[in-house]
Amino acid sequence: MSGESSLKIARIEGIATSFPVKQGVTLGIGRAVKRDALIVKVTTESGLVGWGESHHGRCPGAIAQLINTTLRQLVVGFDASDVVGVWSRIYQRQLASHGMGTACALAMSGIDQALWDIRGKAVGWPLWRLLGGSRRPVKAYAGGISLGFQPPAELVDEVAALTAQGYRAVKLRFGDTVARDLERLAAVRAAHPTLGIMVDANTGYRPDDVRRAMPALREFDALWLEEPFPPQDERSYRDAAALGGVPLAAGENHFTRYEFNRLIAQGAVRVLQPDLSKTGGITEGLRIAAMASAEKLDMHPHTSASGLNMAASIHLLAAIDNPGYFEADVARENLFRDALTTRCDQLDANGCVLPPDAPGLGIEVDEAFLAAHPVIEGPAYV
Ligand SMILES: [Mg+2]
C-alpha cells in the first residue's frame, strides 16, 4: 500500500441484477418468479476494487438509484479504510433524518461490505483476520428459499439429500397451516432423530397459531421458531415468548444496532439473525454482536443472495465470541451463488464451512454476469 491517500474513494456503483426462476417455490407471499440481487462496487483512486452486497429490498432498482445518486455524493472522496467515518456520515446525513429508512440501511450495508473488502485487499489480509478472528470452522444449516410446502414424504427425501451432503441442521418452512406445518415437522423428526431442525414462519403466523404449535415444537425439539410475526408486532412476540417452549428467532428485518438494542432489551427474541446486507453492514454487525455477547446471545446471521453476503457472514462468525449458525442457501436455482460470485459455502465432514482465505471478503465477482443479467422490474412473488 503506497499510503493512505491511495485509498480515497473515487467511484461507487450500485448494480441491480435479476434472473427468472423456472421452478419457483410457493411461499405464504406467493410463487417466486425471479430472484434479485444488488451488488455494490467501490473503486479507490489507486484502482483497488471492493465488492459488497445490499439486500434488494424487493425493489433493487430503487436501492441502486439511492447508492448511485444521494449516497455516492456523501461518500466519494472519503478514505475507504475509514469504515466508521463513512458509516457515520451516511447515518447522520441520510438515515437519521428523512432518509428513506430501510432503503438507506440496505444501501449502506453494501457500501460498508465493499469498504471492508478494500481494507482487506489493501493489507493482503482476509476479513476474518482483519476482524481479529481465526480461520475456524463455522457450523452451517441448510436454509434459504427451499424446503417448501411439499407433502411430508417429499420433504423427508429432500432433507435426506441435504444430510447426505453433510448438513447436520436444516430449517423448515412454516406458515402453511399449523396442522400441515406440524405434520411435516413430525415426519422429518421421525426420519432424522438427531438432526438440528429450525422452523421459519416468515411472518405468516397469528398468536393463536403459535399457541397451538408450541407444544409440538417442544416435543420435536425444534431449535427455534423464526419470525412468527412481522417485526413491528412487538406485542405478539411478547405474548408468544410468555408461552414458553422453543426460543423465538428474528432479526433479518431489523435494522441497525438501535433496533437490535430494543429487540434484546425486550427479551422476547433470544435468537438474533441480523443480515449483514440489511442491518448496516459488517461495521454494524460487529456492534450488534458485541451487544448480544454481553447478553449471552449468539449471532445467527440471515444470508442471501450471492457469495458476497455469505462470505461476509462466515468471516464475521469466525471473528466474534458468540457465533451461531451460518445460513447456507440450498435453493435449487441461485445463479448469484453459482455464477455471479465464487463460492465459499463448501461443507466439511462436520457440516461446517470455513471463511475464504483470500484478502478482503475473498470473493470474485463476474462482471460479465452483471452485464448479461440486468434487473427485471416488478414483484418477485406473484
Ligand atoms: Mg427467515
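User: In which sense do strands S4 and S5 pair?
Analyst: This is a predicted model, where local features need pLDDT of at least 70, side-chain atom pairs count only at pLDDT 80 or more, and totals for chains, interfaces and linings use all residues. Residues are numbered from 1 along each chain as its sequence is written; side-chain values use heavy atoms, leaving out hydrogens and water. Strands are DSSP runs (E, at least two residues), helices likewise (H or I, at least four), numbered from the N terminus, and two strands pair if DSSP finds at least two bridges. S4 (residues 34-44) and S5 have 6 bridges, and the sense is antiparallel.

User: Which residue in S5 is the bridge partner of Lys-41?
Analyst: S5 covers residues 49-54, and 5 of its 6 residues are buried (under 20% relative accessible area, against over 50% for exposed and partly exposed in between; 1.4 Å probe, protein chains only). Opposite Lys-41 sits Trp-51.

User: What area is buried between domain 1 and domain 2?
Analyst: Domain 1 is 4-124 + 368-372 and domain 2 is 128-365, bounds from an automatic or database assignment. Buried area is the accessible area (1.4 Å probe) that the two parts lose on being put together, summed over both. Carbon and sulfur atoms give 66% of the total, about 3400 Å².

User: Where does the largest nonpolar core lie?
Analyst: Such a core joins buried Ala, Val, Leu, Ile, Met, Phe, Trp, Tyr and Cys residues through side-chain atoms within 4.5 Å. This one has 112 residues, with Ile-111 and Phe-326 among those touching the most other members. Helix H3 (residues 101-123) gives the largest share, 11 residues. Both domains contribute, so the core lies between domain 1 and domain 2.
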